[in-house]
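I opened my notebook to get to know a new structure. Let me look at it first, then write down what I find.

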Amino acid sequence: MGDGSITPRLGNMKALLGIVAGAGASYGLYKLMSGGSFKRNKKSAATESPGVRSSQPIEVTLQPGSLLARVSGLDVVCPRPVGVASADIIHQSPGNLDPQHLKMLLSCLQTSNNPPDRCRILLTLGNSAAFTVNQNLIREFEGIHMIAGFLSDPVAEVRVQTLNALNNLCMNIQNQEHIKVYVPQVLELIEMSPVNSDLQLGALRLLTNLSVTDKHQHLLKESITLLLSLLVVSIEALQVQTLKVLVNLSSNPDMMDDIVQAQAPASVVLLFDARTAPAVLLRLLTFAGNLKAWRPSAQVADELRRKQDCLFRVMLDESSQLHSRLVQLLSHPDGEIQSQVARILT
């Protein structure tokens, strides 16, 4: 790994933080930092697949107790296949849906022009995808690509529910082969969505599941700067989720070259502080421990020292503030944090 590519120099972080701190600020963070667009291949798999079409669709409102009501707590008006009575989907739980129910939901999704209905259908599909049998069925019905097509829906809540559904589907290893092609689109959602939004959180959860094993981690090697930048401006929930991705990536030695040479905000090191939330600090220490375990040759280290603002200089170089801040954390009141710090220092 480690193609040696370096993203443009970071801008003034103090001025940047003032820009993005406002509520609902558009997350053009990477663009503000680099003066350009985040380099990413815009091409992805087709967002439309041949759907499951119902002959002579009939408008039917699913009543309380129906499939949608039981799974998502909401009613939806959608077409149903001829010969499938609404009673067939009453009292069903997401774990024992019949294939025809999933086919009907996917058909509803494709034919609905109402954003609230699309949200409810995606919520239902997402809940059903918590079960392996449904994960497999949705894939076999080409439902993954149908669902992923709504990543570009103009309604933010539809995109959120799409990410949540893909997140559950991504728990299935076979499904990951179909979902991985949407990584560029998911990264773009993180970059362009409002800071601390549900869209960013949903996208990070999906990337966390996709990066649990090292098979698809290479797809995120160009996103390290984006993740580190988000880490220093987001609230605790997003910091935790961002660090889960970074910990996954840094656990893979083959990813380390790309990680240490990525541009990083100097303020990352300031998070190693007793005032940082313990849930964030623990994962931050795990990330730092993974980095410290990496041993570059003298030649590689010298080359990295000449790269302005790279993560190596911010956290690993002798000039970094990290060591002194770790020493201060030895007196942290949380015993687990103390132990992690001691392991890193020794």
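Which residues touch the most other members in the largest nonpolar core? I found Leu125, Ile147, Leu166, Phe272, Phe287, Leu291 and Met315, out of 92 residues in that core. H15 gives the most to this core, namely eight residues. For my own use: a nonpolar core is a set of buried Ala, Val, Leu, Ile, Met, Phe, Trp, Tyr and Cys residues joined through side-chain atoms within 4.5 Å, and buried means under 20% relative accessible area with a 1.4 Å probe, protein chains only.

A note on the source: this is a predicted model, where local features need pLDDT of at least 70 and side-chain atom pairs count only at pLDDT 80 or more, while totals for chains, interfaces and linings use all residues. Residues are numbered from 1 along each chain as its sequence is written, and side-chain values use heavy atoms, with hydrogens and water left out.

Next I looked up Leu125. Leaving aside neighbours within four places in sequence, Leu125 is in contact (heavy atoms within 4.5 Å) with Leu102, Leu105, Leu106, Leu109, Ile138 and Ile147.

Then I turned to helix H12, residues 224-231 (helices are DSSP runs of H or I, at least four residues, numbered from the N terminus). Eight of its eight residues are buried. Among them are Ile224, Thr225 and Ser229.

I also read a general remark: in soluble globular proteins, nonpolar side chains tend to be buried together.

Definitions and conventions
Buried < 20%, exposed > 50% of the residue type's maximum accessible area, 1.4 Å probe, protein only. Helix = DSSP H or I, 4+ residues; strand = E, 2+ residues; numbered from the N terminus.
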